[in-house]
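This briefing sets out the ligand surroundings, the metal site and selected local features of one molecular structure. Please read the points below alongside the sequence and the coordinates.

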Amino acid sequence: MTVNTPITEEHISFYRENGFVKIDNMLTADELELLREYLEEAMQTTSERSVQTDKQGGLYYRVLNQKVNTWRDHAGMGRFSFHERFAQSALQLAGVDKMRLFHDHGLWKMPNDSKPTPWHQDTPYWPINEAEAGMMSIWIALDDVNEQNGCMAFIPKSHKLGKLTGIDFLEPQNIFDYVEGGQLDDRKPVIVPLKAGSCTFHNGLTFHYAHANMTERPRRALAIIYMPEGITFSGASHPLTDGLNLSKNDPVKGPLFPVLAVRDA
Ligand code: SIN
Ligand code: NI
């Protein structure tokens, strides 16, 4: 079945060269309105199925009010976290044959004493063996974002450096200290303001950062993390995989990791 996406050849070559790409108007106005409603509800839900990273008053909460796997609490979130247009766009950008859901995140950056999300790669935090190009995220803005309220920034080509170390979000190391001389010619960040309903995609290895939220309203975003078929479990303890009876090196698949997109024949 053909799924229409907004992805062009220019987007694909930009993504593969730089490790991120911006796509305007990924959501229709109606979808944006629904997603705001559903994610607001999901962020207020308490359950054992999703994972709330920190509570109000905690140190991590100053960086991010984050809920992992909102779709497990809210069926409406499933419409977005499994959205074929988003997943097919990811598949086209990465150039893989099959894309599964890995997980989703509600990512609110709260007002008051907000801290930036430090420069990091995503892949080092995941309990998987591989660091493949198809491990990637869509980051959808539910509010207009700029440098005042927590828009993202990326280091072009940093995905070519391979997997480095996970950065501590509370006492962040300088990720650039892990880059050997000459490996990254230009470290200039590209700051990416977005209109609500627009998005970026980034490779799990791309260095990225988000500004603190200096405004009086939450900065609301949804990230969906995709993985290509064949990704395997590293054996590390992680809230995403604990209790799933996965053994080290098993493929990550099963009821929580459905296939969302397949390359058109
Ligand atoms: C953020 O939303 O502040 C950070 C998102 C990310 O690290 O992917
Ligand atoms: Ni990240």
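In this predicted model, an oxygen atom of ligand 1 lies 2.9 Å from an N or O atom in the side chain of His120. The protein covers 93% of the 260 Å² of accessible area that ligand 1 has on its own. His120 also serves the nickel ion (ligand 2), which it coordinates through NE2.

**Surroundings of ligand 1**

- Trp139 places a polar side-chain atom 3.0 Å from an oxygen atom of ligand 1.
- For His208, the distance between a side-chain N or O atom and an oxygen atom of ligand 1 is 3.1 Å.
- The residues surrounding ligand 1 are Leu64, Leu107, Lys109, Thr117, His120, Trp139, Met152, His202, His208, Ala210 and Arg219.
- At least two residues of this shell come from each of the strands β4 (98-109), β5 and β10.
- Ligand 1 takes up the space of the largest pocket.

**The nickel site**

- Coordination of the nickel ion (ligand 2) is provided by His120 (NE2), Asp122 (OD) and His208 (NE2), at 2.0 to 2.1 Å.
- Along the sequence, these donor residues follow the spacing H-x1-D-x85-H.
- Asp122 and His208 link distant parts of the chain, being 86 residues apart.
- Asp122 belongs to the loop between β5 (117-120) and β6 (136-141), whereas His208 belongs to strand β10 (residues 208-210).
- Asp122 counts as buried because its relative accessibility is 12%, under the 20% cut-off.
- His208 is likewise buried, since its relative accessible area is 3%.

**His211 and its contact**

- His211 is located in the loop between β10 and β11 (219-228).
- With a relative accessible area of 13%, His211 is buried.
- The side chain of His211 reaches the backbone oxygen of Cys151 at a distance of 2.9 Å.

**Helix α5 and the residue after it**

- Helix α5 (residues 84-94) is largely enclosed by the rest of the structure, because nine of its eleven residues are buried.
- The buried residues of α5 are Arg85, Phe86, Ala87, Gln88, Ser89, Ala90, Leu91, Leu93 and Ala94.
- Gly95, just after α5, adopts a positive phi of about 75°.

Note on methods:
Residues are numbered from 1 along each chain as its sequence is written. Chains are lettered from A and ligands numbered from 1 in the order in which they are written. This is a predicted model: local features need pLDDT of at least 70, side-chain atom pairs count only at pLDDT 80 or more; totals for chains, interfaces and linings use all residues. Side-chain values use heavy atoms; hydrogens and water are left out. Donors are N, O and S atoms within 2.8 Å of the metal (3.2 Å for Na, K and Ca); water is not among the atoms, so sites may look incomplete. Helices (H or I, at least four residues) and strands (E, at least two) are DSSP runs, numbered from the N terminus. Buried means under 20% relative accessible area, exposed over 50%, partly exposed in between (1.4 Å probe, protein chains only). A residue is near a molecule or strand if one of its heavy atoms lies within 4 Å of it. A polar contact is a pair of N or O atoms within 3.5 Å; within protein, one must be able to donate a hydrogen and the other to accept it, and residues adjacent in sequence count only if both atoms are side-chain atoms. Accessible areas come from the Shrake-Rupley method with a 1.4 Å probe; for residues, only the protein chains shown count as cover. On a 1 Å grid over the protein atoms alone, a cavity is a set of points where a 1.4 Å probe fits but cannot get out, and a pocket is an open set with protein on both sides within 12 Å along at least five of seven lines; lining residues have an atom within 4 Å of a point. A molecule sits in a cavity or pocket if more than half of its atoms lie within 2 Å of its grid points.
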